[in-house]
Amino acid sequence: MTYVAPVNYGYVPSYSTQTTTTNVQKAVPPTAGQPINIDCSKLYKPQEVEDILKRIGTDCKVQTMYKPAYSIEYYPKAEALVINNKNMTNDTTEILRDGSVRHVGSWHNKEVAPAGSYLDIIEDAKARIGNSQVYAR
């Protein structure tokens, strides 16, 4: 019969067992020249961005003393357009390839519009990128 010492009211004796872990890095396949994201902030005027957000229904209704500033990025692999409000913490709108819209933040991740609702916004972003010289990050 083996004897196991009981834990003393949650107190664990201060001894350590040395363990060694090894991190194995997986090889990341190259993206074959495809950019991760494309900054489209210069392709849209601030009023155009606000009009898109009002049309979708994810515009910021909180008045701040700062002028709204947005960053717009297009992700070619996912074919998604992401509009991030720089003045508000965790206020991001994602327009996905199927035309659906999600409003993402730290306390929410809700679908705003179903698939097929805003395909024209994605097509407009692709056209603007195709007509300009935009550098990928």
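# Glu79, helix H1 and the largest cavity

User: Where does Glu79 lie?

Analyst: Glu79 lies in the loop between E2 and E3. Strands are DSSP runs of E with at least two residues, helices are runs of H or I with at least four, and both are numbered from the N terminus. The model is predicted, so local features need pLDDT of at least 70 and side-chain atom pairs pLDDT 80 or more, whereas totals for chains, interfaces and linings use all residues. Residues are numbered from 1 along each chain as its sequence is written, and side-chain values use heavy atoms, with hydrogens and water left out.

User: Why does Glu79 count as partly exposed?

Analyst: Its relative accessibility is 27%. Buried means under 20% relative accessible area and exposed over 50%, with partly exposed in between (1.4 Å probe, protein chains only). The value for Glu79 therefore falls in the middle class.

User: What makes the phi of Glu79 worth noting?

Analyst: Most residues other than glycine have a negative phi. Glu79 is not glycine, yet its phi is positive, near 55 degrees. This residue sits in the turn of the hairpin formed by E2 and E3, which has four residues between the strands.

User: How do you know that E2 and E3 pair?

Analyst: Two strands pair if DSSP finds at least two bridges between them. E2 (residues 70-75) and E3 (residues 80-85) are joined by six bridges and run antiparallel, so the criterion is met. Within this pairing, Ile72 stands opposite Ile83, and Ser71 has Asn84 as its bridge partner.

User: Which other pairings involve these strands?

Analyst: E1 (residues 38-39) pairs with E2 in the antiparallel sense over two bridges, with Tyr74 as the partner of Ile38. On the other hand, E3 and E4 are antiparallel and joined by four bridges; there, Val82 stands opposite Glu94. Six residues separate the strands in the hairpin of E3 and E4, where Asn90 takes a positive phi near 60 degrees.

User: Why is E2 called mostly covered?

Analyst: Five of the six residues of E2 are buried. The description also applies to E3, again with five buried residues out of six. In the chain as a whole, buried residues make up 26% of the 137 residues.

User: How do you know that the buried residues of H1 are on the same side?

Analyst: The buried residues of H1 (residues 46-56) are Val49, Ile52, Leu53 and Ile56. They cover an arc of only 95 degrees around the axis, which puts them on the same side of H1; the arc is that of the directions from the helix axis to the C-beta atoms. An α-helix has 3.6 residues a turn, so residues three or four places apart point the same way.

User: What do the buried residues of H1 pack against?

Analyst: Their partners are the strands E2, E3, E4 (92-95), E5 (101-104) and E6 (109-113), together with helix H2 (119-130). Contact here means heavy atoms within 4.5 Å. After H1 comes Gly57, whose phi is positive, near 105 degrees.

User: What makes a space in this structure a cavity, and how many are there of 30 Å³ or more?

Analyst: On a 1 Å grid over the protein atoms alone, a cavity is a set of points where a 1.4 Å probe fits but cannot get out, and a pocket is an open set with protein on both sides within 12 Å along at least five of seven lines. The structure holds one cavity of 30 Å³ or more. The largest cavity has about 40 Å³ of space, a volume being the space filled by probe spheres set on the points, which are joined across faces, edges and corners.

User: Which residues line the largest cavity?

Analyst: The lining consists of Leu53, Thr58, Tyr70, Ile83, Asn84, Asn85, Asp91 and Thr93, each with an atom within 4 Å of a point. E3 gives the most, with three residues.

User: What is known of the largest pocket?

Analyst: About 250 Å³ of space lies in the largest pocket. Its lining has 13 residues, with Glu50, Cys60, Val62, Pro68 and Tyr70 nearest the centre.
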